[in-house]
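Hi everyone, thanks for making time for this. I'd like to walk you through a few spots in one protein model, so please have it open while I talk.

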Amino acid sequence: MKISYNWLCNYIDIDVPVNQVAEILTDTGLEVEKVKKIESLPGGLEGLVIGKVLETEKHPNADRLNIAQVNVGLEENLAIVCGAPNLEAGQTVVVAQVGTTVHPNEGDPFKIKRSKIRGVESSGMICGEDEIGLGTNRDGIMVLSNSVSAGTKAKEHFNVQEDYCIEIGLTPNRTDGISHIGVARDLLAALKHKGICDQHFQLSLPNLSDFNEGKGSSISIKVDDPMVCHRYAGVTISGVKVTPSPDWLKERLNNIGLSPINNVVDITNFVLHEYGQPLHAFDLLKISSKQINVKTLSAGTKFTTLDGLERELHQDDLMICNGNEPMCIAGVFGGSDSGISEKTTDLFLESAYFNPVSVRKTAKRHGLNTDASFRFERGVDPNQVIPALQRAALLIVEIAGGTVASEITDLYPQRIENFVVDFSFSKCHQLIGYEIDKNTIKNILQSLDIEIKNENEDVLTLEVPPYRADVQREADVIEEVLRIYGFNNIPLPNKLNSSLASVEKPNREKLKNTVADYLASNGFSEAMSNSLTKGEYHSNSKCLSVQTKYNVEMLNPLSSDLNVMRQSLLHSALETVNHNQNRKANRLKLFEFGKTYRKFDTDFEEKNMLSIVISGNEFEESWDKKSEPSGFQQLKGVVESLLSRIGVFAGPKYSEVKSEQFETGLTLSIAKKKIANLGWVDQHLKNEFDIKSDVLYAELNWDLILELSVRAKVKYKPISKIQPVRRDFSLLIDNTLTFEEIEQIAKKSEQKLLKSVGLFDVYQGKNLPQGKKSYAVSFILQDAEKSLSDKEIDKAMGRIQGNLEKQLNAELR
């Protein structure tokens, strides 16, 4: 939210530098994110002065140049080389001295330097109006009235206005800070506490005493549901003239980033940012029924908003209607046909309090975020509905002419009462850990418009205004006291108390950090993506475990891109790969801890998962090594190593992956539980995300890994001193057979001596029978107690060979 410093000072007549204001606001919970200087002219004419041309002479080396002696209020006159045809002695001019940065109408700003022009030193520049942003005339230098004194700052002579735009990162609970008056209230409370201004100092609020209601007939108003529209007020103003706004009003709006439109609309925007109360002005001629109905319409009703878009209304969208014809989405956005135009002479001005939840849902449904909805969603002050209406009406009469033609109609059937809270001084001391003086606390509360209704020795009975929707408990009031008193003013205790806490086994965070540290130390970067995703991903999925029927859908999605909970981390990973590769980051190693969600007929499933992504070349490009694409073994090695790191990689079993998300790959099982799928991402998925390179992906069930980690036991055994023996087979087998089948038969054939089986070459092609392939398989044998004899080795390998030939019809090549 943007606040104008000059505007703020209208309510607090004190001289506090803007940087100090920003610091105080941040300390009170209105965090200032940025302070930006605003000037009515670029550069603010900084460094420019008024000068008197005392005399001129021709340049000795240039026919079209003159040398002017200029008095700028210094002890010595400046010699300035000038080529303007209208330069004459006795003129009063604008001078840019050496070191000044000049901001021309066209082109970039430039700095004035002392320089020699055709051999003559020039100590500045006599300016034309186009060169300093004061006009468009290019015929020569700017000549001023001789009544202006030499040495006068140009910014003072031309009355250049300065302001500061304070950008506040407003949290959703701070409904009291959605206006200039609200921010001024907080600032004044802090200034009083700091002793910068007197306790009796009050905000200088707009004078509404001149408001007089008219005697004419008003528009009839009907509200169907007072629980959705708690308060609705309006007044008729006639005889207005819609024109551009005066300069002061344009400046106020420009300084907070708003574009002026016309005097009436600008006044409603001005009051919105002054009081925090949204207003809406209707052309009275467009209310042909002479009746305003605040109601909902049938689902599917078409309505065209101010932006020209035709929208389909939801059955719960609250509308402001001309009889039964919609004119405005209540609290969100106006319609294209009922607003103020240059032809408007009579208008109806609306001020209301709409239910925050209703406005928020409507705004989200239509993807709208307006200044009005921003405030109504958080909850405006119902007690400011009438003052804001009166303020706007007075400004319209003053600026646009006309008269207030009717009485104010105010429908407020059920008053929103103040919150009553009991506040204990002892409880405040207990929560803060420091005793604040009772009078200080009472002064802070009163400065925040919190009224003390009753007081005894330890307890205050307080009434909190309804615009402070976040202050309804004693702890909330204590927080209000503390933020004005200053968190930084609470001294640190002399001792530190702590308590011992038992940690559940396994320590989930510790294991997560162990894995994250391991992956990060191996060159991986952690990704964090939204649990919400596109429903389109699931509807297009060929994977049986990721389908639309399992969608957990959002009731009020922010957009169609975030309308369901994700069923897999893969789509988020591919979005990240696409985003990075489009920005020339082609070599990627990523991991993410996240949750997946699925809905079944009678239940929901929520899983903790870990995804690992590798794409691009294995190593950076270098002169001394060939750049090779990352391979499957790299991904497999990472998965096995991290599982070993946390002690759960015991008795792993690999089988062919059955998920359609993979082109090819493996499923890793431990203790008969499917822990992970890993492999190459399917081509159709890569096409969907416009990814050209191979993507290696692993998705691990983190919940199962944590479950296994409880049972994980560390076993120690000495490293064998006996040298292992390797034997190799070159096997001719059917194309349909897998390495897993060979490994299982080999380990069953020789359980004592066989330590591992490896596949180190695969061949398919010429010189092989049709339907056959060749596997080169290694076998590692070892006895922990003694060296193996040739006889023992041959016997073991014979059993393995015999079973392979018998069960797989394998042949030795």
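Arg-468 and Glu-480 are both buried. Keep in mind that we are looking at a predicted model. So what do these two residues do together? They form a salt bridge, and the closest N and O atoms are 2.6 Å apart. As a reminder, side chains of opposite charge can pair when their charged atoms come close. If you trace the chain, Arg-468 sits in the loop between β28 and α12, while Glu-480 is in helix α12, 12 residues apart. The pair also belongs to a bigger picture, which I'll come back to in a moment.

How many salt bridges does the structure hold? There are 39. Let me pick out two others. One is between the side chains of Glu-620 and Arg-587, at 3.4 Å from N to O. Both partners are in loops: Glu-620 between β33 and α16, and Arg-587 between α15 and β32, with 33 residues separating them. Are they buried or exposed? Glu-620 counts as exposed because its relative accessibility is 55%, whereas Arg-587, at 35%, is partly exposed.

The other joins Arg-799 to Glu-750, with the closest N and O atoms 2.2 Å apart. Here a helix is tied to a loop: Arg-799 belongs to helix α20, and Glu-750 lies in the loop between α19 and β39, 49 residues away along the chain. Arg-799 is partly exposed, as its relative accessibility is 35%, but Glu-750 has just 5% and is therefore buried. Now for that bigger picture: salt bridges with shared partners connect Arg-174, Asp-176, Asp-186, Arg-468, Asp-470, Glu-480 and Arg-483 into one network. You'll recognise our opening pair, Arg-468 and Glu-480, in that group.

Next, find Leu-462 in strand β28. Its relative accessible area is 0%, so this leucine is buried. What surrounds it? Leaving aside residues up to four places away in sequence, Leu-462 touches nine listed partners, among them Phe-419, Val-420, Val-421, Leu-445, Ile-450 and Val-477. Phe-423 is also one of the residues it touches. Leu-462 and Phe-423 are 39 residues apart along the chain, yet their C-alpha atoms are separated by 7.1 Å.

Let's move to helix α8, residues 371-378. Six of its eight residues are buried, so the rest of the structure largely encloses this helix. Which ones are they? Ala-372, Ser-373, Phe-374, Arg-375, Phe-376 and Glu-377. The cover over them includes α6, β23 and α7. Just past the end of α8, look for Gly-379, which takes a positive phi of about 105°.

My last stop is a pair of helices. Two packed helices are described by the angle between their axes and the distance between the axes. For α13 and α18, the angle is about 110° and the axes are 11 Å apart. That makes the two helices roughly perpendicular to each other, and their crossing is right-handed. Which residues make the contact? From α13 we have Arg-508, Leu-511, Lys-512 and Val-515, and from α18 Trp-702, Asp-703, Leu-706 and Ser-709. Sorted by class, that contact has four nonpolar, one polar and three charged residues. If you look at the spacing on each side, here is a handy point: an α-helix has 3.6 residues a turn, so residues three or four places apart point the same way.

That's my tour, and I'm happy to take questions.

Note on methods:
Residues numbered from 1 in each chain as written. Predicted model: local features only at pLDDT ≥ 70, side-chain atom pairs only at ≥ 80, totals over all residues. Heavy atoms only, no water. Axes fitted to C-alpha atoms, helices over the stretch in contact; angles between N-to-C directions. Helix = DSSP H or I, 4+ residues; strand = E, 2+ residues; numbered from the N terminus. Parallel < 35°, antiparallel > 145°, perpendicular 65-115°, else oblique. Left-handed = near helix turned anticlockwise from the far one by under 90°. Contact = heavy atoms within 4.5 Å. Nonpolar A, V, L, I, M, F, W, Y, C, P; charged D, E, K, R; others polar. Salt bridge = Lys/Arg side-chain N within 4 Å of Asp/Glu carboxyl O. Buried < 20%, exposed > 50% of the residue type's maximum accessible area, 1.4 Å probe, protein only.
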